[in-house]
Amino acid sequence: GPGRQPVRVLVTGAAGFVGSHLQAFLRGEGVEFFGMDLPGTSLESGEGITGIAADMNDPEAAGRVIDAAAPERIVHLAGQPSVHRSWAEPGETLRTNVLGIVNLLDAARQRGLQPAVLVVGSAEEYGLVEPSQTPLVETTPLRPSSPYAVSKVAQAALARLYGPAGGMRVVLARTFNHTGPGRGALFAESSFARQIAEIEAGLKPPVLRVGNLDAVRDFTDVRDVVRAYWALLGSGAAGAVYNVCSGRGWSIRAMLDMLLAHTREKIEVRVDPDRLRPSDIPVLVGDLSELQVATGWGPRIPLEATLADLLDDWRRRTGSRAPSPA
């Protein structure tokens with residue numbers, strides 16, 4: 001009704017890829033936005049936006065964040081997001097992804113706050129599934145196949161304990177691949193787009209280095225994903241897990257072809273053994289019906305448009321101004 005204060009929303013990992021898109025989306029939702037990320041990251045402050053620098057590995061810092069935001073809703077995005085890096089840094093990955101959620105929920109519980117909490121997990125939790133099991137439903141047994149995936153399984157299990165202990169409605173997302181403008185270059189499709197932009201700008205020779213192009217992944221535009229997160233905070237069931245995905249599989253090769261269709265350069269594609277991953281899962285495609293039933297959400301942006309936007313974003317970042325062919 002009249003005089004209602006805007007909803008206070010805390011987003012951890014707010015300066016990251018998804019966090020920045022979620023902030024842009026929530027500008028249109030009239031919320032009071034509190035964005036927490038590590039010291040040294042680019043956090044905004046301004047009208048309706050408060051940036052808070054903190055490390056969720058530190059329980060006292062987590063308490064300060066909860067005191068500052070007094071959130072009614074929390075989206076927990078903070079963490080170590082790379083499968084590849086988790087093999088090099090398993091201890092850091094487990095500590096950040098597992099203790100982060102414990103410290104956050106503990107701080108809310110100690111202060112008697114009962115926010116709705118969305119804990120963002122990953123399709124990597126499914127791990128080594130048989131192609132015959134796809135599309136994957138939420139009850140598929142989890143066989144995590146990297147330290148990163150194990151950390152996300154543990155994060156979800158802990159959230160399910162700590163949430164109810166503090167009287168909080170905790171909803172779990174299991175998000176499949178997502179991309180769009182601002183995606184880090186560690187990820188295959190973004191690496192391809194970056195290389196194309198660099199070739200167009202004359203910064204590197206016309207050779208594009210790739211890893212395994214046969215892997216099949218379910219990709220959603222990040223701008224659709226953040227809408228799903230907000231919808232789940234509104235109407236997701238306590239303790240329930242929801243796949244966030246498009247329900248469609250694309251080979252990495254098909255995505256590379258879509259990107260190459262947007263450039264006039266003649267580019268040689270070369271497989272780089274250093275880019276091949278030991279634990280690559282052949283097929284990860286999700287079933288989104290639980291999410292659709294709970295929220296009515298569906299993806300709106302086709303992958304071709306997502307990839308064109310990603311390439312244009314890399315052109316801006318590299319200073320290339322190559323035209324997209326009509």
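This report walks through three neighbouring topics: strand β2, its pairing partners, and the packing of helix α1.

Please keep in mind that the model is predicted.

Let us start with β2, which spans residues 32-37. This strand is mostly covered, with five of its six residues buried. β2 pairs with β1 (residues 8-12) and also with β3 (residues 49-53). The table sets out the two pairings, each with one residue pair.

| Strand pair | Sense | Bridges | Residue pair |
|---|---|---|---|
| β1 and β2 | parallel | five bridges | valine 9 and phenylalanine 33 |
| β2 and β3 | parallel | five bridges | methionine 36 and isoleucine 52 |

In words, phenylalanine 33 of β2 is the bridge partner of valine 9, while methionine 36 stands opposite isoleucine 52 in β3.

How does the chain get from β1 to β2, and what is the hand of that crossover? The path runs through helix α1 (residues 17-27), and this β-α-β crossover is right-handed.

Helix α1 brings us to the second half of the picture. α1 packs with helix α7 (residues 222-235) at an angle of about 70°, and their axes lie 9 Å apart. Because angles of 65 to 115 degrees count as roughly perpendicular, α1 is roughly perpendicular to α7. The crossing of α1 past α7 is right-handed.

Which residues make this contact? From α1 come Phe17, Val18, His21, Leu22, Phe25 and Leu26. On the α7 side, the contact is made by Val222, Arg223, Val226, Arg227, Tyr229 and Trp230.

Conventions:
Residues are numbered from 1 along each chain as its sequence is written. This is a predicted model: local features need pLDDT of at least 70, side-chain atom pairs count only at pLDDT 80 or more; totals for chains, interfaces and linings use all residues. Side-chain values use heavy atoms; hydrogens and water are left out. Buried means under 20% relative accessible area, exposed over 50%, partly exposed in between (1.4 Å probe, protein chains only). Helices (H or I, at least four residues) and strands (E, at least two) are DSSP runs, numbered from the N terminus. Two strands pair if DSSP finds at least two bridges between them. A crossover is right-handed if, with the strands pointing away from the viewer, the path from the first strand over the helix to the second runs clockwise. Axes are lines fitted to C-alpha atoms, for helices over the stretch in contact, and angles run from 0 to 180 degrees between N-to-C directions. Angles under 35 degrees count as roughly parallel, over 145 as roughly antiparallel, 65 to 115 as roughly perpendicular and the rest as oblique. A crossing is left-handed if the near helix is turned anticlockwise from the far one by less than a right angle, and right-handed if clockwise. Contact means heavy atoms within 4.5 Å.
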